[in-house]
Amino acid sequence: MLKGKHIILGITGSIAAYKAATIIRGLVKKGAEVQVVITPAGKEFITPLTLSTLSRKPVISEFFSNRDGTWNSHVDLGLWADAMLIAPATAATIGKMANGIADNMLITTYLSCKAPVFVAPAMDLDMYAHPATQENLDRLRSFGNRIIEPDEGELASQLTGKGRMREPEDIIACLESSLTSDGELANKKVLITAGPTYEKIDPVRFIGNYSSGKMGFALAEACARRGAEVFLIAGPTALKAKHPRVCQVDVDSAEEMYLDAVGLFPRMDAALLCAAVADYRPESVEEVKIKRETAGKITLHLVPNKDIAAALGSDKQEGQILGGFALETHDGMTHAQDKMERKNLDFIVLNSLEDQGAGFRHDTNKITIIDRTGSIVEYPLKKKEEVADDIVDKLVTLLK
Ligand code: PMT
C-alpha cells in the first residue's frame, strides 16, 4: 500500500538508530522510495553506508555535498515527500522542531515539509517524562504532527520505563494506515474538539463541567474509520484516541483550545465542535491555594472566554464545513437554531439533558441534527459510537 510513496526518513543521535535499518528495509519492501536525512549525531550511531545501501540513495546530512559541493535543497526535498518520518527522534531534535531551530539539514527539511510528519521519540524515561519534552511534544501535536508514542520497557540505560522507540513494524503500520486511507472521508482533514475545559482558580481548584469526552472521541474514531485525517483537541479526560489517523492534542483551558483550534482550522476541510467549553474563567488566578480559614467568604470575578465556534464560523472559507453541538436543558430547538445562525455553523447537533441517557458521561446519546436548509432529523437513543456515525453521515453529505 506504500508503493510509489516518497518518504523522508530523518535519523537522529540515539541508540535506537540501529532500528532505522529495519524501517528502511520494510518501507522499500513495500515499494516506497526512502530518502534518508541524518543529523551529525545520528552518524555516530549508524553508518551512512549501511543506510544508503538499504535505501539505494545517497544519504543526506550536510547542506552541501562533501564530494562535489552541490547544494542539498531542503525545499525540494520537502516538496518531494509524501511523508516525513523522524525515527528515532531525540529530545534535542524534538525541542528544535518545536521551536524552529533550523541548525541542521534535518530540521530545515522538517520546516519545509508540506507532507504529514510522523515522530517516533526514543529516549530515557526521565527525559521523556520531563515537562520540557512533554510540552515540546504537545507543541508538535498542535502543528498537526503525528507522535508515535514510545513503548514501555528496558532502555539503553538499563532502567525500565516509557521511552523505547516503537518497533519498526508498528511504525510502518502507522505510516501505512495514515497514508493509504479509503472511505468517504479519504484525503479529508477534520478537526474535532472534545471533553470539558478547566479554568484555573488557584493551583488546586478549577471551574469545569461533567463532559467525559466520550461523544467527541467517538466522532474522532468514526471520522478516522471513514478515511479522514483527524485532529482531536481534547480537554482534560482520561481517554486516549486509538485510531492511528487520529492526532490527539491535549489541552486544559478554553484559551488553549481556542489557540489550537484557530491555528489548525485553515488547513481543515471540516470541524466538529463537541467540546463543552467553559463560557467563563476567573479574572485572575491565585498563585497559592486559597485558605478558607483566612479568606473566609470569597467572591470570584468571572470573565467570558472566547467562543471557538464563533471564531471558526467567521474564519470559515468556501468549501469548509462547520458542525457544532447545542447542549440544552429547555427550549432546545430554539436555542440550537439560534446558535447555528449566530456562530455561522452549517449544522448543529442538539442534545438535551431533558432526555434520559443523553448528554454528559452516558455511553448513549439522543440527538437531533438541524441544518441551514431547515432540515430537522430526530434520532432515537443510541450508543455514542452509532450517534457518531449518524453525525459523520451528515458531514459526508455536506462535504459532497
Ligand atoms: O463528553 P460527553 O460526556 O460524552 O458529553 C457530550 C456533550 C454533552 C459534552 C456533547 O454532546 C455536547 O453537547 N457538547 C457541546 C456542549 C456545549 O458546550 O454546548 P453549548 O450549547 O454551550 O455550545 C454550543 C457550541 O459552541 C458547541 O459546539 C461548543 O463546542 C461551542 N462553544 C461553546 C463555547 C465556547 N466558548 N466555544 C465554543 O466553541
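**Exercise 1. Describe the shell around the ligand by residue class and by origin in this predicted model.**

Step 1. Sort the shell by class: 12 residues are nonpolar, 7 are polar and 8 are charged.

Step 2. Find the size of the shell. The ligand is surrounded by 27 residues, and the closest are Ser211, Ser212, Lys339, Asn351 and Arg361.

Step 3. Assign shell residues to helices and strands. At least two residues each come from α9 (214–225), α12 (308–315) and β16 (321–328). The largest share, 4 residues, is supplied by β16.

**Exercise 2. Find polar backbone atoms that lie within 3.5 Å of an N or O atom of the ligand, and state how much of the ligand the protein covers.**

Step 1. Start with the oxygen atoms of the ligand. One distance, from a ligand oxygen to a polar backbone atom of leucine 273, is 2.7 Å. Another, from a ligand oxygen to a polar backbone atom of lysine 214, is 3.3 Å.

Step 2. Turn to nitrogen. A nitrogen atom of the ligand lies 3.0 Å from a polar backbone atom of lysine 306.

Step 3. Add the coverage. On its own, the ligand has 770 Å² of accessible area, and the protein covers 96% of this.

**Exercise 3. Which pocket does the ligand take up, and what lines that pocket?**

Step 1. Locate the ligand. The space it takes is the largest pocket.

Step 2. Give the volume. For the largest pocket this is about 920 Å³.

Step 3. Look at the lining. The largest pocket has 40 lining residues; those nearest its centre are Ala275, Ala276, Val277, Phe325 and Leu327.

Step 4. Sort the lining by class. It divides into 18 nonpolar, 13 polar and 9 charged residues.

Step 5. Assign lining residues to helices and strands. The elements α9, α12, β16, α13 (332–342) and β17 (347–352) each give at least two residues to the lining of the largest pocket. Strand β16 gives the largest share of this lining, 4 residues, and also the largest share of the shell around the ligand.

**Exercise 4. Describe the backbone at proline 88 and at glutamine 158.**

Step 1. Take the peptide bond before proline 88. Alanine 87 and proline 88 are joined by a cis peptide bond, with omega about 0°.

Step 2. Place proline 88 in the chain. This residue belongs to strand β3 (residues 83–89).

Step 3. Take glutamine 158. Its phi is positive, about 75°, although the residue is not a glycine.

Step 4. Place glutamine 158 in the chain. It is in the loop between β6 (151–154) and β7 (160–164).

Conventions
Residues numbered from 1 in each chain as written. Predicted model: local features only at pLDDT ≥ 70, side-chain atom pairs only at ≥ 80, totals over all residues. Heavy atoms only, no water. Near = heavy atom within 4 Å. Polar contact = N/O pair within 3.5 Å; in protein donor to acceptor, adjacent residues only side chain to side chain. Areas by Shrake-Rupley, 256 points an atom, 1.4 Å probe, with all protein chains shown as cover. 1 Å grid on protein atoms, 1.4 Å probe; cavity = no way out; pocket = protein on both sides within 12 Å on 5 of 7 lines; lining within 4 Å. Sits in = over half its atoms within 2 Å of the grid points. Nonpolar A, V, L, I, M, F, W, Y, C, P; charged D, E, K, R; others polar. Points joined across faces, edges and corners; volume = space filled by probe spheres on them.
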